[in-house]
Amino acid sequence: MKIGILALQGAFIEHKHSLDALGVESFEIRQKKDIEKPFDGLIIPGGESTVIGKLLHKLDLYEPIKNMIGMPVFGTCAGLIILAKNIEDEQAHIGTMDITVRRNAYGKQIDSFSEEVVIPEVSDKPFPLVFIRAPWIDSVGDNVKILCKLNGHIVAARENNMLVTSFHPELTKNLDFHKYFINMIKQKKSR
């Protein structure tokens, strides 16, 4: 199994460390030639969604990445925004997941916080949720499964092979979300 991590900006190295801890091979995607060899899953990390969106176009990665979304993809924070079909007061980027999001819904950097919750679909143990200028999901389409709500707001969801979180699993020592994503890849490969 091999997972590509979009490494244009943001918390991509932290995802690599999580995958390394699980013994899963990964590589950084910085330019078009990086995606010429086959791989099994894609992570779009947190960071600044507007910057990531612009760089996807500037580096001619937009179409190739969008066309790969049939493979399992995991978007965290900004990655969630990149995948969303609808973004309040902003044009969508890749727009493959049937969700409507609100950027910076939890406020500014100073408003960052963490919370622990159990997400039954992922693990029966409490999971640390780290929010940094995080979005939340306002609404989901019929085929989207809500995995977690916090204070009435959707913060994790899945649609087919797309998994998104408003929070940053890669900034914790807990590997349950990465394990869940790896299982998504295994299920896709076994079909």
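In this predicted model, Cys148 is a suitable place to begin, since its relative accessible area of 6% makes Cys148 a buried residue. A reader who comes upon a cysteine may wish to know whether its sulfur is paired with another. The sulfur of Cys148 has its closest cysteine sulfur in Cys77, at 14 Å, and this is too far for a bond, because a disulfide requires the two sulfur atoms to be within 2.5 Å.

The matter can also be followed from the other residue. How many disulfides does the model contain under this rule? The count comes to zero, and Cys77 accordingly takes part in no disulfide, the nearest cysteine sulfur being that of Cys148, 14 Å away. Cys77 has a relative accessibility of 4%, and it therefore counts as buried, since buried means under 20% relative accessible area.

Cys77 also deserves attention for its place in the chain and for its backbone. Cys77 is found in the loop that runs between the strand β4 (73-76) and the helix α4 (78-83), and its phi is near 55 degrees, which is a positive value in a residue other than glycine.

A positive phi is also found at Asn151, where the angle is about 50 degrees although this residue is not a glycine. Asn151 lies in the loop between β10 (145-150) and β11 (153-159). Is Asn151 buried or exposed? With a relative accessible area of 64%, Asn151 is exposed, because that class covers values over 50%.

Conventions
Residues numbered from 1 in each chain as written. Predicted model: local features only at pLDDT ≥ 70, side-chain atom pairs only at ≥ 80, totals over all residues. Heavy atoms only, no water. Buried < 20%, exposed > 50% of the residue type's maximum accessible area, 1.4 Å probe, protein only. Helix = DSSP H or I, 4+ residues; strand = E, 2+ residues; numbered from the N terminus.
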